[in-house]
Amino acid sequence: MAREVQVDFPRMFPIRQSFPAERLEHPAAEVYRCVMASGLGGRIKTGDRVAITAGSRGISGIAGLTRAVVDAVRELGGDPFILPAMGSHGGATVAGQVEILAAYGIAEEAVGAPIKATMEVVQVGEVEGEIPVVLNRLAAEADGVVLVNRIKPHTAFRGPFESGLMKMMTIGLGNHKGATLAHSMGAGGLPRMIPAWGRVILREAPIALGVAILENAYERTARIVAVEPEDFESVEPRLLEEARGMMPRLPVSRIDVLIVDRIGKNISGTGMDPNIIGRIWLPGIKEPDAPSIERIVALDLTEETHGNANGIGLADITTRRLVGKIDTGATYANAFTTTFLNRAYIPVVGETDREAIEIALDVLRMERPQDARVLRIHSTLELEHLWASRALLPELREREEIEVLGGAAEMPFDEAGGLAAM
């Protein structure tokens, strides 16, 4: 149904935001060096079958980094294979998880090792006298497991272990069953349970090494750290704080309308990173102090997310195009596992990009919508090049890391109401 109310759109200015850009020139070579210099060689013997984990997040150059780990394991005498470690992602199926890895370039011919996957788990212990600790069967049967993951603040909880090695070991390698058990504790229980499960797995399973990846605000590898199993508890919290300081941010703290071109699992586990948009919306979890955003408009899904629209519920308005791309099976499997059902809720739907943004401006109930504080971003991972409305310019021009790249322009809608690429 066509809307009768029409509003005036703000004119937008292209801006560029700069962040600290420390990065490794040859990250794969650094991975190889770190693994070779670690204690892994003393933990595996010639011919040992070594599982190398691969997750569902979009880590920069992950295929090359994984290949470097494969090469190092083989040089140390091990027989490596790649093991998906992504909980319930990929629809909680072997085929779905292998497909996700292929989308990241992680295939046998590319990384030099076979992909082996199973959704079967075995129990390796319990915590609190009754809660089972489960582990991917292939990981439990391997002679060694090398965890490879990015350290990053999580999108649903706060604690000393968020996204990283300990979570991959406990929830990622817990497959669907382990992820379901973990999330049954609620977001508030995860900071306590992840290290509790981790201690059991470190004691009972063949965890041989962790390869921690830290990225800068431009999604480039800034640092690689090989972490010995006995050092997980002491080292990972320090790396998490380092990673937190590297994260990009929106350039202003108060926004009337945030337009997000695309969301997806390759961008964030929650489609768009709650740490960036300032919305967690989970019981018992404190909301971030900033930013404060009145309305969020999500325009599209990435191809790499394979229809998983987890996180769409954090938007206020979306488009018919995005809704048409949703794979409810994959999205609901993710939501059911986490128990965060609100993150799969469908927002108000605009028939076109133009209508979705028009709705967001209209419900602000401003006399002059063209004076709204509007920011447009590619995604919550891509915050260098943005578009900002005139109302934001005085504040932005006071920031030395912000450069205004041009004059004001109308929002570039095509005849069908689509918003042209930035």
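**View 1. Inside the largest cavity of this predicted model, the lining leans on polar residues.** By class, 19 of the lining residues are polar, nine are nonpolar and seven are charged. The space inside comes to about 480 Å³, and 35 residues line it. If you want to find the middle, look for Arg57, His89, His154, Ser163 and Lys167, which lie nearest the centre. Helix α12 (328–338) gives the most to this lining, with three residues. Along with α12, the elements β6, α6 and α7 (175–183) each supply at least two. A search of the whole structure turns up four cavities of 30 Å³ or more, so there is another one to visit next.

**View 2. The second largest cavity holds about 170 Å³ of space.** Its lining takes in 19 residues, and the ones closest to the centre are Lys152, Glu215, Asn216, Met247 and Pro248. Two elements give two or more residues here: β7 (207–215) and α9 (232–246). Sorted by class, this lining has 12 nonpolar, two polar and five charged residues.

**View 3. Glu162 is a charged residue tucked away in a loop.** The loop in question runs between β6 (144–150) and α6 (165–170). Glu162 counts as buried because its relative accessibility is just 1%, and the cut-off for buried is under 20%. Where does the side chain of Glu162 reach? It goes to the backbone nitrogen of His154, at 2.7 Å. Once neighbours within four places in sequence are set aside, Glu162 is in contact with Lys152, Pro153, His154, Phe157, Lys167, Leu240 and Arg244. Some of these names are familiar from the cavity views: His154 and Lys167 are among the residues nearest the centre of the largest cavity, and Lys152 is one of those closest to the centre of the second largest.

**View 4. The largest pocket has a volume of about 370 Å³.** Of the 17 residues that line this pocket, Arg249, Asn275, Pro288, Ala290 and Pro291 lie nearest the centre. The lining breaks down into 10 nonpolar, two polar and five charged residues. Two of those central residues are worth a second look: the peptide bond from Ala290 to Pro291 is cis, with omega near 0°. Pro291 itself is in the loop between α10 (274–277) and β10. For context, most peptide bonds are trans.

**View 5. The second largest pocket offers about 270 Å³ of space.** Here, too, 17 residues make up the lining, and Gly58, Glu219, Asn266, Glu304 and Leu381 are the closest to the centre. By class, seven are nonpolar, five polar and five charged. Zoom in on Glu219 and you'll find a positive phi, near 65°, in a residue other than glycine. Glu219 is in the loop between β7 and β8 (221–227). Is Glu219 buried or partly exposed? At 22% relative accessibility, Glu219 counts as partly exposed.

**View 6. Asn175 is another non-glycine residue with a positive phi.** The value is about 55°. Asn175 is found in helix α7, one of the elements that supply at least two residues to the lining of the largest cavity. With 0% relative accessibility, Asn175 counts as buried. As a reminder, most residues other than glycine have a negative phi.

**View 7. Strand β1 pairs with two other strands, β14 and β15.** β1 covers residues 12–17, and five of its six residues are buried. With β14 (residues 385–389), β1 pairs in the antiparallel sense over five bridges; look for Phe13 opposite Ala388. Three bridges join β1 to β15 (residues 402–404), and this pair is antiparallel as well. On that side, Glu403 is the bridge partner of Arg16.

**View 8. Helix α13 is mostly covered.** The helix spans residues 353–362, and nine of its 10 residues are buried. They are Asp353, Glu355, Ala356, Ile357, Glu358, Ile359, Ala360, Leu361 and Asp362. What do these buried residues pack against? The strands on the list are β9 (254–260), β10 (292–298), β11 (317–319), β12 (348–350) and β13 (374–377), and the helix α11 (320–324) joins them.

Methods. Residues numbered from 1 in each chain as written. Predicted model: local features only at pLDDT ≥ 70, side-chain atom pairs only at ≥ 80, totals over all residues. Heavy atoms only, no water. Helix = DSSP H or I, 4+ residues; strand = E, 2+ residues; numbered from the N terminus. Buried < 20%, exposed > 50% of the residue type's maximum accessible area, 1.4 Å probe, protein only. Polar contact = N/O pair within 3.5 Å; in protein donor to acceptor, adjacent residues only side chain to side chain. Contact = heavy atoms within 4.5 Å. Pairing = 2+ DSSP bridges. 1 Å grid on protein atoms, 1.4 Å probe; cavity = no way out; pocket = protein on both sides within 12 Å on 5 of 7 lines; lining within 4 Å. Points joined across faces, edges and corners; volume = space filled by probe spheres on them. Nonpolar A, V, L, I, M, F, W, Y, C, P; charged D, E, K, R; others polar.
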